[in-house]
Amino acid sequence: MVNPHTVMYEAELNRIQTSVSALVQAANAKCVFVVDKNGQFIASSGEVENMDATSLASLTAGNIAATGGMAKLLRENEFTTQFHEGKNAHIYIQLVGNRVILVVIFDAKSSLGLVRLRVRKTSDELVEIFEQMAKKSAEPGGGSAFAEITDEDIDNLFND
Amino acid sequence: MTFINLMAREINCKIVYYGPGLCGKTTNLQFIFDKTKPTSRGKMVSLATETDRTLFFDFLPLELGEIRGFKTRFHLYTVPGQVFYDASRKLILKGIDGAVFVADSQIARADANEESLDNLRVNLAEYGLALDKIPYVIQYNKRDLPSVMSVEELRASLNPDGVPEFEAVASDGTGVFETLKAVARLVFLELKKSGA
Ligand SMILES: Nc1nc2c(ncn2[C@@H]2O[C@H](COP(=O)(O)OP(=O)(O)OP(=O)(O)O)[C@@H](O)[C@H]2O)c(=O)[nH]1
Ligand SMILES: [Mg+2]
């Protein structure tokens, strides 16, 4: 087998959503994203209409992977936070529970200090939710729909 | 690491194109990007040098349609083929669901192919994975060039286990979708087998 699958359940996704929406408010952020370390988008909140969430997720994961690689060279465990300051928009990246990445985009309406403070609480919440989810994921029957995939199903995918 | 979202009813799979420098990995993704309707794909992200060599990765998100009521999304990645980018190459393999090894058919690249395939095995092992245990296909690219090895020679050196193999000319698209379909099929069969 390749790798255990990650299965995202509705109940936990709703809790994540609530948690990141609260963070947007509390931190006065433009928007917040949660992505997994492999580059999969999980959730977002705030002004996200003009953001390419898929690309952002993949680049964030690449960035965390690269800094993780640097950390290893320095025999550090992991660099858990990153901050990039732009002219108008700033980006704060926090590795949560070594599992997922929290990305906060903000502007002059907020500040690094406020974002850092609010992210702490959200991180704790996320750690708990993802632990819960990992437990559920490990139980059998997560997405058992796929046990019945036929060759025909697969062929149909490519027929358009 | 297939990523299944039960709420959005989506499955996400990660496919990595591996192979020696200049073998045509980026060209594969570029062709897929060009030939897929904009509604079925996202932006192609290329982190490349000024001379168009892959520096970290290329990334192309694709949507292949539905299976059993689930939207299927494939995230295609290429690695940088140049030997000295090994640390980056290793990182891209994280969470891989399927691999495509793109070989350069030119005689002059025989050693480079073998070294790159060995390097793939070594780097997969770091994640506790083995090439013969994961969905994996091989593409013999640049079949249009004059001094190329025969498919038999390529097979003998690179594909002793007889995984699905495809001749390709990525620069004009020959064999590109065949390769992608084959690896996608294996990923779904794996998903089915694991009874996810
Ligand atoms: N003649 C010919 N040229 C090809 C073919 N496929 C790719 N090329 C050319 O080979 C060169 C290198 O292709 P890339 O796709 O950038 O190679 P790569 O594997 O991504 O290389 P790195 O990023 O350095 O690892 C480009 O000039 C391509 O146009 C092919 O099938 N035939
Ligand atoms: Mg490339």
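## Ligand 1 and its shell

Ala, Val, Leu, Ile, Met, Phe, Trp, Tyr, Cys and Pro count here as nonpolar, Asp, Glu, Lys and Arg as charged, and the others, Gly among them, as polar. Sorted that way, the shell around ligand 1 comes out at 7 nonpolar, 8 polar and 4 charged residues. Keep in mind that this is a predicted model.

So who sits around the ligand? The shell counts 19 residues, with B:K25, B:T26, B:T27, B:R53 and B:G81 as the closest. Helix α1 of chain B, residues 25-35, is the top contributor with 3 residues.

## Polar contacts to the ligand

Let's go through the contacts to ligand oxygens. The side chain of B:N141 has an N or O atom 3.1 Å from an oxygen atom of ligand 1. Two others run through the backbone: B:C23 places a backbone N or O atom 3.2 Å from a ligand oxygen, and B:K142 does likewise at 3.3 Å. As for cover, ligand 1 on its own exposes 650 Å², and the protein buries 79% of that.

## The largest pocket

Next, the open space. The largest pocket holds about 560 Å³. Its lining has 19 residues, and A:A65, A:G68, A:G69, A:K72 and B:L91 are the ones closest to the centre.

Which elements supply at least two residues each to this lining? They are α2 of chain A and α2 of chain B. The largest share belongs to α2(A), which puts in 9 residues. By class, the pocket lining splits into 9 nonpolar, 4 polar and 6 charged residues.

## The largest cavity

On to the enclosed spaces. How many cavities of 30 Å³ or more does the structure hold? There are 3 of them, and the largest takes in about 120 Å³ of space. This cavity has 13 lining residues; nearest its centre are A:A61, A:G62, A:A65, B:K14 and B:L91. Both chains show up again when you look at the elements giving two or more residues: α2 (53-73) of chain A, plus β4 (54-67) and α2 (86-92) of chain B.

The largest share of the lining, 4 residues, is from α2(A). In chemical terms, the cavity is lined by 7 nonpolar, 3 polar and 3 charged residues. If you want to link this cavity with the pocket, look at A:A65 and B:L91: they are listed among the residues nearest the cavity centre, and also among those closest to the centre of the largest pocket.

## The second largest cavity

The second largest cavity comes in at about 70 Å³. What lines it? The residues are B:R121, B:L131, B:D132, B:Y136, B:L158, B:N159, B:P160, B:D161 and B:V163. That gives a lining of 5 nonpolar, 1 polar and 3 charged residues. The charged members are B:R121, B:D132 and B:D161, while B:N159 is the polar one.

## A serine in chain A

One last stop, away from the cavities and the ligand: A:S45, in strand β3 (residues 41-46) of chain A. Is A:S45 buried or exposed? Its relative accessible area is 12%, so A:S45 is buried, the cut-off being under 20%. The side chain of A:S45 also has a partner, making a polar contact of 3.2 Å with the side chain of A:S21.

Note on methods: Residues are numbered from 1 along each chain as its sequence is written. Chains are lettered from A and ligands numbered from 1 in the order in which they are written. This is a predicted model: local features need pLDDT of at least 70, side-chain atom pairs count only at pLDDT 80 or more; totals for chains, interfaces and linings use all residues. Side-chain values use heavy atoms; hydrogens and water are left out. On a 1 Å grid over the protein atoms alone, a cavity is a set of points where a 1.4 Å probe fits but cannot get out, and a pocket is an open set with protein on both sides within 12 Å along at least five of seven lines; lining residues have an atom within 4 Å of a point. Grid points are joined across faces, edges and corners, and a volume is the space filled by probe spheres set on the points. A residue is near a molecule or strand if one of its heavy atoms lies within 4 Å of it. A polar contact is a pair of N or O atoms within 3.5 Å; within protein, one must be able to donate a hydrogen and the other to accept it, and residues adjacent in sequence count only if both atoms are side-chain atoms. Accessible areas come from the Shrake-Rupley method with a 1.4 Å probe; for residues, only the protein chains shown count as cover. Buried means under 20% relative accessible area, exposed over 50%, partly exposed in between (1.4 Å probe, protein chains only).
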